[in-house]
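Below are some notes on the strand pairing and the charged side chains of this model, set out for a colleague who works with structures computationally.

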Amino acid sequence: MLEPSEKIWMDGSFVSWEEAKVHILTHSLHYGLAVFEGIRCYKGKNGSAVFRLQEHVQRLFDSAHIGMMGIPYDRKHIADAIVETVRVNRLDACYIRPLVYIGYGAMGVHPGNNPVRVAIAAWKWGTYLGEDALTKGIRACVSSFTRHHVNAAMTKGKIAGYYVNSIMAKQEAKAAGYDEAILLDAEGYVAEGTGENVFIVRKGKIKTTPLTSVLEGITRNSVIELAKERQLVVEEERFTRDEMYIADEVFVTGTAAELTPVCEIDRRPIGDGMPGPITQMLQKAFFAVVRGEDPAHASWLTPV
């Protein structure tokens with residue numbers, strides 16, 4: 001269950017958590033065209049800060065552009081509203097969810113001139129994949145569901161309706177006793193998790209799925225940069241499910257998942273079945289950044 005905070009920003013002003021409501025005939029509720037972001041604010045040694053705020057806001061606007069939705073505010077207005085939402089709710093660490101959706105009006109597949117609405121919520125949210133996920137790793141399975149073909153769903157957009165695919169895969173994985181699902185693309189190569197980018201480590205090299213058919217993860221980009229700074233080889237190329245099985249390490253990245261080790265896939269232990277040294281190194285580097293302990297990446301943090 002969500003732990004409610006006090007206020008949600010809706011269309012330019014704050015309303016109480018309980019009063020943040022929409023009409024049952026809101027267009028996006030029926031047809032799935034809404035765009036959103038997941039953003040984290042971390043408590044660090046210099047106070048609280050939002051991680052890579054500008055990049056998240058840019059991706060929100062990119063997603064809206066793909067969906068032909070005109071956001072009725074500029075980027076600065078949205079970025080400022082995100083920070084203010086954290087402040088108003090007096091949260092020192094939280095998850096932030098901006099949502100752009102098509103409101104009440106015409107009912108039918110074409111939204112016509114229905115208004116585009118914007119909401120921003122923030123709440124306390126701990127480890128996404130379980131209390132021990134970051135330290136002990138998770139168990140995953142390869143899903144029977146295929147990830148979107150690039151001409152069926154434009155994968156650079158973080159669009160709400162696309163996540164039905166993720167929900168189905170996640171439900172299947174959880175019912176089978178796994179923590180997470182990994183989906184293959186329409187040609188059978190590893191695509192991504194239900195809400196994460198996938199990395200493997202094999203023979204000292206890091207591989208991750210190229211951006212041809214997956215969401216351009218902001219945590220993914222951050223981890224690639226941190227790896228290269230440590231003189232690690234990072235290759236963006238396709239790989240198969242069996243290459244995951246024989247990898248030395250596997251980990252997933254995302255705003256919610258942060259950097260989570262994967263220690264078993266389809267009942268096959270990865271490496272020795274424990275988080276590997278490169279995963280642990282990058283995890284340590286990532287958390288040093290978000291907690292304000294790495295001055296080289298201070299620009300990735302927006303103080304609250």
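The points that follow cover the conventions, one strand and its partners, and then the salt bridges.

1. This is a predicted model, in which local features need pLDDT of at least 70 and side-chain atom pairs count only at pLDDT 80 or more, while totals for chains, interfaces and linings use all residues. Residues are numbered from 1 along each chain as its sequence is written, and side-chain values use heavy atoms, with hydrogens and water left out.

2. Strand β7 (strands being DSSP runs of E, at least two residues, and helices runs of H or I, at least four, numbered from the N terminus) spans residues 116-123, and six of its eight residues are buried. Buried here means under 20% relative accessible area, exposed over 50%, and partly exposed in between, with a 1.4 Å probe and protein chains only.

3. Strands pair if DSSP finds at least two bridges between them. Strand β6 runs antiparallel to β7 and is joined to it by eight bridges, V100 being partnered with V118; β1 is also antiparallel to β7, through two bridges, with M10 facing A119 as bridge partner.

4. The structure holds 19 salt bridges, each a side-chain nitrogen of Lys or Arg within 4 Å of a carboxyl oxygen of Asp or Glu. One of them joins E55 and R52 at 3.0 Å, N to O; E55 is partly exposed at 30%, whereas R52 is buried at 7%.

5. R202, K207, E237 and E243 are linked in a network of salt bridges. Within this network, R202 and E243 have their closest N and O atoms 3.9 Å apart, and because R202 lies in strand β11 and E243 in helix α7, the pair ties together parts 41 residues apart in sequence.
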